[in-house]
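I opened this notebook page to look up how a sheet and its helices are arranged. The entries below follow the order in which I looked.

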Amino acid sequence: MLVVEDQKVLADRIAEGLRDQGMAVDVAYDGEAAMEITAFTGYDVIVLDRDLPRVHGDAVCASLVAGPARARILLLTAASAVDDRVDGLNLGADDYLGKPFAFAELVARVRALARRTPSAPPVAVRGDLVIDRVRRRVSRGGRLVALTRKEFGVLEELFAADGGVVSAEELLERVWDEHADPFSNTVSVTVSRLRRKLGDPPPIETVISTGYRLRDPP
């Protein structure tokens, strides 16, 4: 997730609220910063304010739509007239939300857009391990496994890799956010806890000096 909003207090509150919902969120406070960060970081959903300094939100939106990014875009604006909403959607945005807004509605719209990203099916199965992305549930051998948000996020990324190796750096970027300490052992500790919860035989394999992957089912 990326939140682009020039009102820093509002931007930080949105980001913190979305993190509480289990999402990894970065923040940019102007259009120029948004252009820079999206040039090298891929996002599933971008919450984008239209009235941004340096580079207007409309220009940011048009650039994202024209580029290779797969992100779904939710435009935020204080203008609530029908013409404003139509203009925003005509830019290529996927959804539009006027200010002020109820945070619960923002979360619902973000989740709806995230489900539309061309990433992975809502329910995936690998052997006796099942992950339900919509209900945020994991089961193994028919037994529900209670996971923290970060543990679920790590497992979700490993499922998305479909047996490919995912590095600790990639997990840190996708499951945590830009403020995570790249020199910490956060990822290895989280993977260790996740292995214990999922039980034997361990479904997650460590590839030395490379990262982690899901084992092929027996």
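The entries go from the sheet to the helices and end with the aromatic rings.

Entry 1, the sheet. I worked from a predicted model, and I looked up the strand order before anything else. I found 4 strands forming an open sheet in the order S6-S7-S8-S9, with antiparallel pairing. Strand S6 (123-126) and strand S9 (143-145) are at the edges, and because each has a single partner strand, one side of each has no neighbour in the sheet. I noted that neighbouring strands of this sheet are turned against each other by 25 degrees on average, direction ignored.

Entry 2, one strand pair. I then followed strand S8 (residues 137-140), which is joined to S9 by 3 bridges, the two running antiparallel; here I found Arg-140 opposite Arg-143 in S9.

Entry 3, helices on the sheet. Helix H6 (residues 149-161) lies across S6, strand S7 (129-132) and S8, and runs at about 110 degrees to S7. Helix H8 (residues 186-198) lies across S7, S8 and S9, and runs at about 165 degrees to S9.

Entry 4, helix against helix. I read an angle of about 85 degrees between H6 and H8, with their axes 10 Å apart, and the two are therefore roughly perpendicular. H6 contributes Lys-150, Glu-151, Val-154 and Leu-155 to the contact, while H8 contributes Thr-190, Val-191, Arg-193, Leu-194, Lys-197 and Leu-198. I sorted this contact by class into 5 nonpolar, 1 polar and 4 charged residues.

Entry 5, rings. I looked for pairs of aromatic rings with centres within 6.5 Å, and the count came to 0. I did find Lys-8 over the face of Tyr-29, at 5.1 Å from the ring centre.

How values were computed. Residues numbered from 1 in each chain as written. Predicted model: local features only at pLDDT ≥ 70, side-chain atom pairs only at ≥ 80, totals over all residues. Heavy atoms only, no water. Phe/Tyr/Trp six-rings, centres within 6.5 Å; stacked < 30°, edge-to-face > 60°. Lys NZ or Arg CZ within 6 Å of the ring centre and 35° of its normal. Pairing = 2+ DSSP bridges. Axes fitted to C-alpha atoms, helices over the stretch in contact; angles between N-to-C directions. Contact = heavy atoms within 4.5 Å. Parallel < 35°, antiparallel > 145°, perpendicular 65-115°, else oblique. Nonpolar A, V, L, I, M, F, W, Y, C, P; charged D, E, K, R; others polar.
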